[in-house]
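User: Hi! I would like to go through this model with you and ask what stands behind the terms used to describe it. Could you take me through it?

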Amino acid sequence: MEWTDEGLVLSSRPHGENAAVVTLLTAAHGRHAGMVHGGQGRAARSLLQPGNHVEAQWRARLTDQLGSYTLDLAEAQAALWLDAPEILALIASACAVTEASLPERQPMPGVYAGLATLLGLRDPSLWAPVYVKWEISLLHALGYGLDLSQCASGGGGDDLAYISPRTGRAVSREAGAPYHDKLFILPSFLLGSGTWTDEDIAQGLEITAHFLSRHVFINPHSRLLIPRDGDLPLARQRLRAFYQKNAGH
Amino acid sequence: MLSPLDHLARQLARLPGIGPRSARRMVLHMLKKREGVMYPLIDSMTRAAEQVKECTTCGNLGGSDPCELCTDRTRDPTLLCVVESVADLWAMERARVFRGRYHVLGGTLSALDGVRPADLRIDKLLTRANDAGVKEVILALNATVEGQTTAHYLAERLVPIGVSVTRLAHGLPVGGELDHLDDGTLAAALLARRQAG
């Protein structure tokens, strides 16, 4: 068995003395792990940083074996942001959430394209809103999409101001006013407005954290990344704390 | 039941960098030179196991607590260099370019391995930065996502104390040729460029 694909490095775990088991999100083969011989070496360590874009060649005798990767760096995303704490937190969180939420070896071209777009952003100011939208697209790809097109309690798509934590559907300002304390406030950047504040980002992260905890991480694939049912990965928890602090919560 | 010879070979093969064949070669060599190699080695290992301890101030390994580096009066107590592990401390000492004090963190924040701030010696670092007349804390952590995430976290905690927080530069290694550098290092070097002349 052999294939070649492009991928994004999600994680690298030491294996034995020199090798590493690397998990990639590939364009056509989904989340896929493989052994990288010499993966703990000096040259390989910069290649295997989370978020890096690589060209991958995977080989195994049988399809269900772990197999081994030969990787070439296509773009070093992580190295560009070593001085930017916010972006490092977003990269770490995106990779941890992807690794913990996606099933193995199931092609998810939409999630891959979204993550590649996020990691390829060069304007630091766009990272946070695009990240929140990427998590919403991830929820959608996993079958738990939010419906922000129209009000859940009848009416059209005008003046949407809330999201129901139970159904994930938008609610208009008028219909939601009596339940203000029970609904999530819908940040306007999720409806297409071109502006946002740290408060909006924190609110967006709260919304996606709620639905990820409730639907995706309730039955986690990885016990290592998620200590308890419903918990978010540690990197995602740190990201949430980061924006809550910035928003003055 | 393993013979003493096999048992020793198996124990040695558990060490990093040593496979079963190397372990057997080492066993044969030691048995051939018992007086010159094996007994001195046994003696050194016993003494190291009994006497080497972790310094409760900086986390270094040494024969005393506090360690030789913490008690060395010729070192500048206003400079504190934070490193991930004792191996990194030794690397800094080999270079002979730093004459301040050290703080061994004991790892980096890692989502993958579940390492949280409470698992590292961060509280001790904050206490030292607060109490000991420290003016500058140098974050000598690895240029990896985890290393730099930890560095940013530490900077966030240290700045309110009022100490100057710096980190090691990222970029071209001495003797490095552009043609042979990986893209990540080259990108970091370009971003950290400085005025020439």
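User: How many residues of chain A are in contact with chain B, and how many of chain B with chain A?

Analyst: Happy to help! This is a predicted model, and in it 28 residues of chain A are in contact with 26 residues of chain B. Contact here means heavy atoms within 4.5 Å. About 2200 Å² is buried between chain A and chain B, and carbon and sulfur atoms give 62% of that area. On the chain A side, Leu82(A), Leu234(A) and Arg238(A) supply 27% of the area buried against chain B, more than any other three residues.

User: Which domains does the assignment give for chain A, and how many of their residues are in contact?

Analyst: The assignment gives domain 1 (2-76) and domain 2 (81-148 + 186-246). Between these domains of chain A, 26 residues of domain 1 are in contact with 19 residues of domain 2. The buried area between them is about 1700 Å², with 55% from carbon and sulfur atoms. In domain 1 of chain A, Leu10(A), Leu25(A) and Arg31(A) lose the most area to domain 2, together 39% of what that side buries. The C-alpha centres of the two domains lie 23 Å apart.

User: Why is α4(A) called roughly parallel to α6(A)?

Analyst: Helix α4 (residues 127-141) and helix α6 (residues 198-216) of chain A pack at about 20°, with axes 10 Å apart. Angles under 35 degrees count as roughly parallel, so α4(A) is roughly parallel to α6(A). Their crossing is left-handed. Among the residues of α4(A) in this contact are Tyr131(A), Val132(A) and Leu139(A), and those of α6(A) include Ile201(A), Leu205(A) and Phe211(A). The residues of the contact divide into 12 nonpolar, two polar and one charged.

User: And what makes α2(A) roughly parallel to α4(A)?

Analyst: The axes of helix α2 (residues 85-101) of chain A and α4(A) come within 11 Å and cross at roughly 5°. With the cut-off at 35 degrees, that angle makes α2(A) roughly parallel to α4(A). The contact of α2(A) with α4(A) has 10 nonpolar, three polar and two charged residues. Among them are Leu90(A), Ile91(A) and Val97(A) in α2(A), and Trp127(A), Trp134(A) and Leu138(A) in α4(A).

User: Why is α1(B) called oblique to α2(B)?

Analyst: Helix α1 (residues 4-13) and helix α2 (residues 20-32) of chain B pack at about 125°, with axes 8 Å apart. Roughly perpendicular covers 65 to 115 degrees, and roughly antiparallel begins over 145. The angle falls in neither range, so α1(B) is oblique to α2(B). The crossing is right-handed. Residues that meet here include Leu5(B), Leu8(B) and Leu12(B) in α1(B), with Met26(B), Val27(B) and Met30(B) in α2(B). The contact divides into 11 nonpolar, no polar and two charged residues.

User: What makes Arg105(A) worth a look, and where does it lie?

Analyst: Most residues other than glycine have a negative phi. Arg105(A) has a positive phi of about 60° although it is not a glycine. Arg105(A) lies in the loop between α2 and α3 (109-119) of chain A.

User: Which residues does a cis peptide bond join?

Analyst: Asp65(B) and Pro66(B), with omega at about 0°. Most peptide bonds are trans. Pro66(B) sits in the loop between β2 (61-62) and α4 (68-71) of chain B.

Conventions
Residues are numbered from 1 along each chain as its sequence is written. Chains are lettered from A and ligands numbered from 1 in the order in which they are written. This is a predicted model: local features need pLDDT of at least 70, side-chain atom pairs count only at pLDDT 80 or more; totals for chains, interfaces and linings use all residues. Side-chain values use heavy atoms; hydrogens and water are left out. Axes are lines fitted to C-alpha atoms, for helices over the stretch in contact, and angles run from 0 to 180 degrees between N-to-C directions. Helices (H or I, at least four residues) and strands (E, at least two) are DSSP runs, numbered from the N terminus. A crossing is left-handed if the near helix is turned anticlockwise from the far one by less than a right angle, and right-handed if clockwise. Ala, Val, Leu, Ile, Met, Phe, Trp, Tyr, Cys and Pro count as nonpolar, Asp, Glu, Lys and Arg as charged, and the others, Gly among them, as polar. Domain bounds come from an automatic or database domain assignment. Buried area is the accessible area (1.4 Å probe) that two parts lose on being put together, summed over both.
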